[in-house]
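Biologist: I am new to this structure and would like to learn the terms used for it. Could we go through them together?

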Amino acid sequence: MAALPSLRQLSYLVTLSETLHFTEAARRSFVTQSTLSGGIMELERLLGGVLVERDRQNVRLTPLGEQVVARARVLLADAQDLMRLSREMSEPLTGDLHLGVIPTIAPFILAQLLNEVHKQLPKIQLHLHEAQSEKIVEKLEHGNLDMVVLALPFDTRGLKVAEISKEDLFLVYHKGDQKSAQANSLDDLDLSRLMLLEEGHCLRDHTLSACPIGERKNDQRLKASSLPTLVEMVSANLGFTLLPEIAIHNAMIKSNPDLQIKSIEAAPSRTLALVTRKSTPLQSEFDVLLRILQKITQNAV
């Protein structure tokens, strides 16, 4: 049988692809630069092709190198799951669990989530990571996260998906905005005053899917980097927005005397979901976490 690449060699290549710097990649891998370079050269010999282009100023992956990195990430994630499987079989519902949550969900569930996990999974150490959908799905695929909570529709790329809940988006506007107050559907709104989150947030995409304004490179529409900022912009009567049901029950919005909330016809909706790799050894944790999240979101709306 022909010699196969080692996981260590593949790990060196993946780390180098992230840093594009041999010294930094070696530091992150806790080896000397010569050890890392030797490992990658041996990997190139085994695979029979050049993976990395090197000169004094730059390091870049070849097309073959990029393909190998993509497959190496999957292999490394599967190897991590294999190690976790042994622990799960001997000591289920114990150890670290890294959970990613998108910013348009995280503020509204985390306090209750931490409390419920502490009660129902007392031997689990929950580590929370907040980031936009693309980033946390990427980290999940690479094995850096165990599960993620996000909103669909979103490309989950063949991952294991379980529905938490469904929710509509509601119109949120300033109390002095008479046109929004009289609106019964999206067609009644002045969409030039629609305020959105900046690109990368799936809530922006969910809103645009129902609003016939399209994406324009020269769009001068006001954009916010977070939901609290978006709410403050509406509170200042700079426009209106659409927010998910889980958000409108938050005290930050409900207690704001300048804001009005109403449902409208043909409003966009989203589905909250818990996502993990199909190879996960943490099925028991996944099932318990799913029930906790379903309970939290049911009580939040």
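Modeller: Happily; here are some salt bridges and a helix pair, each set against its definition. This is a predicted model, in which local features need pLDDT of at least 70, side-chain atom pairs count only at pLDDT 80 or more, and totals for chains, interfaces and linings use all residues. Residues are numbered from 1 along each chain as its sequence is written, and side-chain values use heavy atoms, with hydrogens and water left out.

Biologist: Why is the pairing of Arg 45 and Glu 42 called a salt bridge?

Modeller: The term asks for a side-chain nitrogen of Lys or Arg within 4 Å of a carboxyl oxygen of Asp or Glu. Arg 45 and Glu 42 meet at 2.6 Å, N to O, so the pair fits that definition. The structure holds 14 salt bridges.

Biologist: What separates Arg 45 and Glu 42 along helix α3?

Modeller: About one helical turn, because they are 3 residues apart in helix α3 (residues 33-47). Helices (H or I, at least four residues) and strands (E, at least two) are DSSP runs, numbered from the N terminus.

Biologist: How do you know whether Arg 45 is buried or exposed?

Modeller: Buried means under 20% relative accessible area, exposed over 50%, and partly exposed in between (1.4 Å probe, protein chains only). Arg 45 has 56%, so this residue counts as exposed, while Glu 42, at 27%, counts as partly exposed.

Biologist: What makes the pair of Arg 54 and Glu 44 a salt bridge?

Modeller: Their side chains meet at 3.4 Å, N to O. Arg 54 lies in strand β1 (residues 52-54) and Glu 44 in helix α3, so the pair ties together parts that are 10 residues apart in sequence. Glu 44 is buried, because its relative accessible area is 11%, whereas Arg 54 is partly exposed at 40%.

Biologist: Why is α1 called roughly perpendicular to α3?

Modeller: Helix α1 (residues 7-19) and α3 pack at about 110 degrees, with axes 9 Å apart. Axes are lines fitted to C-alpha atoms, for helices over the stretch in contact, and angles run from 0 to 180 degrees between N-to-C directions. Angles under 35 degrees count as roughly parallel, over 145 as roughly antiparallel, 65 to 115 as roughly perpendicular and the rest as oblique. So α1 is roughly perpendicular to α3.

Biologist: Which residues of α1 make the contact with α3?

Modeller: With contact meaning heavy atoms within 4.5 Å, they are Gln 9, Leu 10, Tyr 12, Leu 13 and Leu 16. On the α3 side, the residues include Leu 36, Ile 40 and Glu 42.
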